[in-house]
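Hi everyone, thanks for making the time. I'd like to walk you through a structure that I have been looking at, and you can follow along on the screen.

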4 protein chains.
Amino acid sequence: MASLEMIVADIAAEMADAPDRGTVADYIPGLAEIDSGRFGIAVIEADGTCHKAGDADEPFSIQSISKVFSLTLALGAIGDRLWDRVGREPSGSAFNSIVQLETESGIPRNPFINAGAIVVADMILGAHEPIEAIGEILRFVRSLADDDSIFIDERIARAEQETGFRNIALANYMRAFGNLRQPVERTLGVYFHQCALAMSCHQLARAGGYLMAGGINPATGHSIVSTQRARRINALMMTCGHYDGSGEFAFRVGLPGKSGVGGGILAIAPGKASIAVWSPGLNPRGTSQLGALALERLVQRTGWSVFEPSGG
Amino acid sequence: MASLEMIVADIAAEMADAPDRGTVADYIPGLAEIDSGRFGIAVIEADGTCHKAGDADEPFSIQSISKVFSLTLALGAIGDRLWDRVGREPSGSAFNSIVQLETESGIPRNPFINAGAIVVADMILGAHEPIEAIGEILRFVRSLADDDSIFIDERIARAEQETGFRNIALANYMRAFGNLRQPVERTLGVYFHQCALAMSCHQLARAGGYLMAGGINPATGHSIVSTQRARRINALMMTCGHYDGSGEFAFRVGLPGKSGVGGGILAIAPGKASIAVWSPGLNPRGTSQLGALALERLVQRTGWSVFEPSGG
Amino acid sequence: MASLEMIVADIAAEMADAPDRGTVADYIPGLAEIDSGRFGIAVIEADGTCHKAGDADEPFSIQSISKVFSLTLALGAIGDRLWDRVGREPSGSAFNSIVQLETESGIPRNPFINAGAIVVADMILGAHEPIEAIGEILRFVRSLADDDSIFIDERIARAEQETGFRNIALANYMRAFGNLRQPVERTLGVYFHQCALAMSCHQLARAGGYLMAGGINPATGHSIVSTQRARRINALMMTCGHYDGSGEFAFRVGLPGKSGVGGGILAIAPGKASIAVWSPGLNPRGTSQLGALALERLVQRTGWSVFEPSGG
Amino acid sequence: MASLEMIVADIAAEMADAPDRGTVADYIPGLAEIDSGRFGIAVIEADGTCHKAGDADEPFSIQSISKVFSLTLALGAIGDRLWDRVGREPSGSAFNSIVQLETESGIPRNPFINAGAIVVADMILGAHEPIEAIGEILRFVRSLADDDSIFIDERIARAEQETGFRNIALANYMRAFGNLRQPVERTLGVYFHQCALAMSCHQLARAGGYLMAGGINPATGHSIVSTQRARRINALMMTCGHYDGSGEFAFRVGLPGKSGVGGGILAIAPGKASIAVWSPGLNPRGTSQLGALALERLVQRTGWSVFEPSGG
């Protein structure tokens, strides 16, 4: 097997030439203006070794990947009571579908669809001010990555707020069922800011380290969550991490992962590596086209799929 | 860590005393009459060592677990063209839901819901006689388990046929979309017989060995499927193996698995073990109540979850 | 106002030249081969006067229009208990949708969608032989029209049976909920034959006379159903008579009506006239394109809409 | 036949003793506090004669009945282009369902479900200030009823606004599809005020006169809408006036009608009478329990059903 360093470099080179780069999200200018030619990858091994290639140090909007961190934070704050208000099953429909909420009494299917993440944001907000909750999320992600340069892109947050009618609909709909507890605008304020977190592949791979390492931040040795909880978050990323493309991602890549419409994907090879890729062009399911392809090749060449004898 | 032998024995002892045993399927007499007190477990390690406890040698109706073997067989016969007619995404609804077929043009979401497995049966049938196709499935499963005593329970097959109105509806519905190619009765004849396969935990764990071992039957060394295909079947078992309870199973157990309404579950710890459990009482999602609990405990005590650093 | 005779003749002349004639149903040869240039109309007034134009004496396949007569027959046989097994609400979806059955426990929304009419056929069949039930329906329609030349087109019935996979699916699906009581093939045998009734506009307008006249056959003076029941059947034709185009038909035409994919429409102006039109080309909702247009013009020129001061 | 005066008095007397009075809407105090013992009826004949009984002069919250008047107003303002943004079919689901919007691109099924009426309010609002649009609606209804004492209950409007999360969700959802053009809060401001119109049965029956009389206000002789438009509004009231209970209402009553959760119903017997009933207890579909019963009896005793020979 080639060295991991070489594998990562090869993949980045292959992606630079890939003809079919997907479609960049265009619903807000802050995303639409990103060059579809960008590609970055960062792989952090269990021992902390980091391999990077391409635009691995370029911050991008992590969007829905933030749902992994907010879920972790909320579970820490309120524990498994969280599951009274959010399900754990794949949705079988698009990321912003409202249908399921109507037939299932306002309980979103999982914390990684928009509705579920909005409920999680509502929990984090609680009785606090939105600015405090946003600050808490930011501090948490900075501490996970051990990097205080991570920031929230206010321009993106504002644009989301101005165009996010579906999310406003989802939030009000859940409020009608009593599954939002805080005023809708405040909860959405937290949610839109969380989605506007800007991070590089390198920062993101570092921040995901605790999911590779059984709940322990491998850089600091601090326990972020219990081993069981880390395992369960990974399980949710596997079954629900890519909206209605989660089955396909598991089929092709075979790692727990979470994608965002900014073109980033965080993937976890438990015990092996925390991996972040970024390429802004999306496939029809809203997952980074080249990001998924790069992960598929990485797994083929490393044998890291959790579904292989050597994987996991 | 306790020895695996002891872990398996402990779990069987715990299950013997478990108060909440779920509800035995009662739609046909052949299932309804099974004593809910039964419990069996068989764990076959990568080196072939087998640990059994409880009713591990008692044959039971494997029902939907057969979908794993028929998928493997059909992929071998027609390759990845299979995916033109069957999807790879969790369904987000019950095992026998017909709604999704209406909105998605008769293409079932995955090969592990009934509709998907009926399409797979239609492929296996092809231009053959049903009796030949049934024979082929039986021979395949016998060869996987290296055990010619595995049989099809004709009484169960007949009862399924007489009461299987939903499956007849699913099949005709897909036929209306052109996604069944053979006469409906013939395809269903194959499907109902496949579901009536009777196997013990021991036989089932042996039959699942190739999924643990990267596609190689560990007992014989024969290649059943490519490593990539074995990995992908495992991925489908993870995201779709338990109907609308797949997310929960991944969350709690963290292994690829496939359950049947006869109370059996086949679970795969890649590179570690092929595991079969059986207890006829079902949870509301149709998965064995004690079977899932036993697997959860097994994984906790062995660390075999694919989502843990030590797992996979 | 022009004389009714002249209005009818004018409309037929206008329809002869109409450029947009819709699309002839092509799922079975017996329908597909009909010339889209055909158009017929027959209007029978309360006093029995009949006005005809175009192909008013040409028999065509009445298809779903038969659901009006089978409903009448079944209500006569079992009374309002019929409504325990069939609803009375518009479906909000296509004529052969199966979705609603899943969420509403196998109870079809109304007797004029396929699923509802199949349940009605099941009631008419009861413990009889299919051939007897078919004979009973045929005799009933013949007596309504006072015309023994009305027949069932066996070729059409057979073709429906061979291609009717969706209807077979619907029937089996309802059987799974216990809402069909007779063997599916036998119930469908009745249903497919009923749909294959062949009648001319003239015969159809005569057969519908009892709905114009408060339940009394105006030709014979015999009571077919009570006034209340005639009124209620008219109400169902208004709200549910054209599948998911019923609202549009009420909006444009304003008469109780029932269409069939053979291109016929029966419309009732209570106290004024029983009207049958036929033109085989269908609009996207499955209603005769020119038939609906002809009725719209007839109502405009006669003021017969039930929603006008002079109407009803 | 008894005199209409007597029929109306008898019905009011019967309703006073009715044991099963339904359930008063309790989602806002302004509705919840109404005594379920109230019942009023007003029948205005074509010649202007008015028959009243019970609490016919007591103002109540007309709620969704206002959708008839706002539709009339919007059609007058923008004509049939209105139908580009609102459908004309029964919804087959609850009054506040959001599912249909997702599958039909944000176009509500008809103007009498909440989503449809919100689009209509958006049209009336246009470039105006909400206070102007509300004033316009109020003036229109006052002029229809020729009664300047009709008012908007601000307390109800405010309570709707504070608890109307589903309506806010619907509005934002349609905004996401571009089917609301004005800022959501402004459109909803109009909508919530329109629903808070307070009128008595007597006022309501007067206001509905133009629908009985082919578009002419029978009291003043002024043309409100064309005959065709009056007929079409009646048709929509017949097929869509009672949410998912419209079929049942047509079946039992057989008149175009529109109900509101305040317990009022406006029903039109074209050419015969404009009828308003009020009783605050609702049936499970959200229509006044006694209101519907009173109308059923009125129609039985007068023969006014549009589906009868003598009706319409």
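I'll talk about how the chains meet, and then about one pair of helices. Please keep in mind throughout that this is a predicted model.

Let's begin with chains A and B. How many residues of chain B are in contact with chain A? There are 36 of them, and they meet 36 residues of chain A. If you want to find that side of chain B on your screen, look for helix H12, residues 227-240, and helix H13, residues 246-252, since these are the elements of chain B that give two or more residues to it. H12(B) supplies the largest share, with nine residues. As for the chemistry, the side of chain B that touches chain A has 16 polar residues, 13 nonpolar ones and seven charged ones.

Now, how are the two copies related? A turn of 180° with a shift of 0.0 Å along the axis lays chain B on chain A, and the RMSD is 0.0 Å. That is why we can speak of a two-fold axis here. The contact residues fit in with this: 100% of those in chain B recur in chain A, so the same surface serves both copies.

Next, chains C and D. Here, 36 residues from chain D and 36 residues from chain C take part in the contact. On the side of chain D that touches chain C, the elements giving two or more residues are helix H12 (227-240) and helix H13 (246-252) of chain D. Nine residues come from H12(D), which is the largest share. By class, that side of chain D divides into 13 nonpolar, 16 polar and seven charged residues.

Let me finish inside chain A, with two helices. Helix H6 of chain A covers residues 130-145 and helix H9 of chain A covers residues 184-195; they pack at an angle of about 30°, and their axes are 9 Å apart. Angles under 35 degrees count as roughly parallel, and H6(A) and H9(A) are therefore roughly parallel to each other. For the handedness, H6(A) passes H9(A) in a right-handed crossing.

Which residues make this contact? From H6(A) we have A:Pro130, A:Ala133, A:Ile134 and A:Ile137, and from H9(A) we have A:Arg186, A:Gly189, A:Val190, A:His193 and A:Gln194. Sorted by class, the residues of this contact between H6(A) and H9(A) are five nonpolar, three polar and one charged.

That's my tour, and thanks for listening!

Notes:
Residues are numbered from 1 along each chain as its sequence is written. Chains are lettered from A and ligands numbered from 1 in the order in which they are written. This is a predicted model: local features need pLDDT of at least 70, side-chain atom pairs count only at pLDDT 80 or more; totals for chains, interfaces and linings use all residues. Two residues are in contact if their C-beta atoms, placed from the backbone, lie within 7 Å. Helices (H or I, at least four residues) and strands (E, at least two) are DSSP runs, numbered from the N terminus. Ala, Val, Leu, Ile, Met, Phe, Trp, Tyr, Cys and Pro count as nonpolar, Asp, Glu, Lys and Arg as charged, and the others, Gly among them, as polar. Copies are superposed by least squares on the C-alpha atoms of residues with pLDDT of at least 70 in both. Axes are lines fitted to C-alpha atoms, for helices over the stretch in contact, and angles run from 0 to 180 degrees between N-to-C directions. Angles under 35 degrees count as roughly parallel, over 145 as roughly antiparallel, 65 to 115 as roughly perpendicular and the rest as oblique. A crossing is left-handed if the near helix is turned anticlockwise from the far one by less than a right angle, and right-handed if clockwise.
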